[in-house]
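Subject: Structure handover

Hi,

Here's the structure I promised to pass on. Have a look at it first, and my notes on what turned up follow right below.

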Amino acid sequence: MEILIQQLINGLTVGSVYALVALGYTMVYGIIGLINFAHGDVVMVGAMLATTVVLSLVGADPAGLSAWLMVGLALLAAIPVCMGIGWTAERYAYRPLRRAPRLAALITAIGVSFIVQNLAMMIWGRNYLSFPHIIEPVVFQLGEARISLLQILIIVGAAAIMSGLMVLVHRTRLGTAMRATAQNREVAGLMGVNINTVISAAFVIGSALAAVAGVMIVTYYGVAQYTMGFMLGLKAFTAAVLGGIGNLGGAMLGGLLLGLIEALGAGYIGDLTNGVFGSNYQDVFSFIVLILVLIFRPSGLLGERVGDRA
């Protein structure tokens with residue numbers, strides 16, 4: 001039971017990050033039907049930039065800044081940069097291809113991913129960056145299980161951000177314009193909705209969520225590297241498909257479920273296979289889930305269908 005509770009805590013922590021990244025995928029897909037495979041690399045940029053900012057502050061230490069203030073400053077630096085990357089990709093890479101075949105946009109997204117990844121390699125190099133140990137490890141006991149203050153902040157922070165996004169989409173004019181554009185771009189344009197602004201807003205908001213997820217993941221694991229966005233992006237895409245891509249609630253549910261599946265699999269795979277496989281095989285579970293969902297329920301758990309576009 002103690003192992004189960006501990007793995008549930010770990011799964012909720014990682015799943016919260018997956019859910020934030022999956023929201024970026026599902027927002028863009030729900031509005032323009034594009035799988036933005038460069039989204040994971042935006043998360044990577046957020047993580048790398050946050051690490052660089054914190055390392056600089058620790059090195060300079062101008063006024064003995066607190067650890068949480070340093071993380072906050074790193075977040076303030078990462079968010080606008082990631083938003084700029086998302087806006088630039090939409091404006092100059094994806095917008096000219098809106099009426100092109102979907103395969104052209106898909107290949108372009110992969111190309112943007114490689115561009116961002118290689119630019120990050122040129123800036124930060126190939127080696128891993130270590131996030132400095134500035135956050136004191138405050139741990140609370142839940143029976144025999146343990147949960148750290150950082151895990152609590154990640155889970156609560158992700159929940160608050162996801163709740164705020166739902167309010168934005170369902171209670172604001174921008175959200176109404178997004179939902180109208182997702183239903184029918186042409187009709188929404190005729191009703192006075194600025195389609196370009198709405199689509200750019202979806203990319204910018206998704207990139208801001210990616211920046212937050214990047215800061216969360218680097219403070220949790222303590223390392224960042226220019227290739228980290230590839231696997232993280234695939235897992236978040238799996239979470240979006242699991243919950244129902246195009247459905248915001250589905251992306252949240254899929255992220256949390258995927259995190260729990262990975263954590264429980266990593267905790268029990270050794271016992272189930274008599275030690276043949278270890279916890280390092282946890283990434284396999286993401287793709288097993290993706291294959292099973294695509295075979296048995298391709299519309300995802302919440303099953304919202306997104307109309308095909310020419």
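Two strands pair if DSSP finds at least two bridges between them. With that in hand, and bearing in mind that this is a predicted model, let me start with the strands. S2 (residues 139-142) and S3 (residues 145-148) run antiparallel and are joined by four bridges, so they pass the cut-off of at least two. Together S2 and S3 make a hairpin, with two residues between them. Glycine 143 sits in that turn and has a positive phi of about 70°. If you want a cross-strand pair to click on, phenylalanine 140 stands opposite isoleucine 147 in S3.

Next up is leucine 149, which belongs to helix H5 (residues 149-171). Is leucine 149 buried or partly exposed? Partly exposed, because its relative accessibility is 27%, and the buried class ends at 20%. Leaving aside residues up to four places away in sequence, leucine 149 touches Trp68, Val138 and Phe140. So the Phe140 that faces isoleucine 147 across the hairpin is also among the contacts of leucine 149. From leucine 149 to isoleucine 135 the C-alpha distance is 9.6 Å, with their positions 14 residues apart in sequence.

On to the helices. H3 (residues 67-94) has 28 residues, and its first and last C-alpha atoms are 39 Å apart, close to the 40 Å expected at 1.5 Å a residue. Its buried residues include Ala67, Met70, Val71, Ala74, Ala78 and Cys82, and further along Gly86, Ala89, Glu90, Ala93 and Tyr94 are buried too. Many of those numbers step by three or four, and here is the background: an α-helix has 3.6 residues a turn, so residues three or four places apart point the same way. The cover over the buried residues of H3 includes helix H2 (39-60), helix H4 (102-124) and helix H8 (195-221).Helix H2 also holds two residues that I looked at one by one. Methionine 48 lies in H2 and counts as buried because its relative accessibility is 0%. Not counting residues up to four places away in sequence, methionine 48 touches Trp124, Leu129, Ala224, Gln225 and Tyr226. Methionine 48 and glycine 164 are 116 residues apart in sequence, and their C-alpha atoms are 26 Å apart in space. Threonine 51 is in H2 as well, and a relative accessible area of 0% makes it buried. With the sequence neighbours up to four places away left out, threonine 51 touches Leu129, Ser130, Phe131, Val218 and Ala224. Leu129 and Ala224 therefore turn up in the contacts of methionine 48 and in those of threonine 51, where contact means heavy atoms within 4.5 Å.

How many salt bridges does a search of the whole structure find? Three. Side chains of opposite charge can pair when their charged atoms come close. Glutamate 90 takes part in a salt bridge with arginine 95, at 3.1 Å from N to O, and both of these residues are buried. Glutamate 90 forms another with arginine 98, where the closest N and O atoms are 2.6 Å apart; here too, both partners are buried. The remaining bridge joins the side chains of glutamate 262 and lysine 235, at 3.3 Å from N to O. Glutamate 262 lies in helix H10 (residues 248-272) and lysine 235 in helix H9, so this pair ties together parts that are 27 residues apart in sequence. Glutamate 262 and lysine 235 are both buried. As for shared partners, Glu90, Arg95 and Arg98 are joined into one network.

H9 (residues 228-243) deserves a few words of its own. Its 16 residues should span 22 Å at 1.5 Å a residue, and the end C-alpha atoms are 23 Å apart, so the two values agree. H9 is mostly covered, with 13 of its 16 residues buried. Glycine 244 follows H9 and has a positive phi, near 120°.

Last, the surface. Val284, Ile288, Ile291, Leu292, Ile295 and Phe296 make a nonpolar patch of about 600 Å². Isoleucine 288, one of that group, is in helix H11 (residues 282-296). Its relative accessible area is 40%, so isoleucine 288 is partly exposed.

That's the lot from my side. Over to you!

Note on methods
Residues are numbered from 1 along each chain as its sequence is written. This is a predicted model: local features need pLDDT of at least 70, side-chain atom pairs count only at pLDDT 80 or more; totals for chains, interfaces and linings use all residues. Side-chain values use heavy atoms; hydrogens and water are left out. Patches are made of residues with over 30% relative accessible area and no salt bridge: like charges are joined within 9 Å, nonpolar side chains (Val, Leu, Ile, Met, Phe, Trp, Tyr) within 5 Å. Accessible areas come from the Shrake-Rupley method with a 1.4 Å probe; for residues, only the protein chains shown count as cover. A salt bridge is a side-chain nitrogen of Lys or Arg within 4 Å of a carboxyl oxygen of Asp or Glu. Buried means under 20% relative accessible area, exposed over 50%, partly exposed in between (1.4 Å probe, protein chains only). The expected span of a helix is 1.5 Å times one less than its number of residues.
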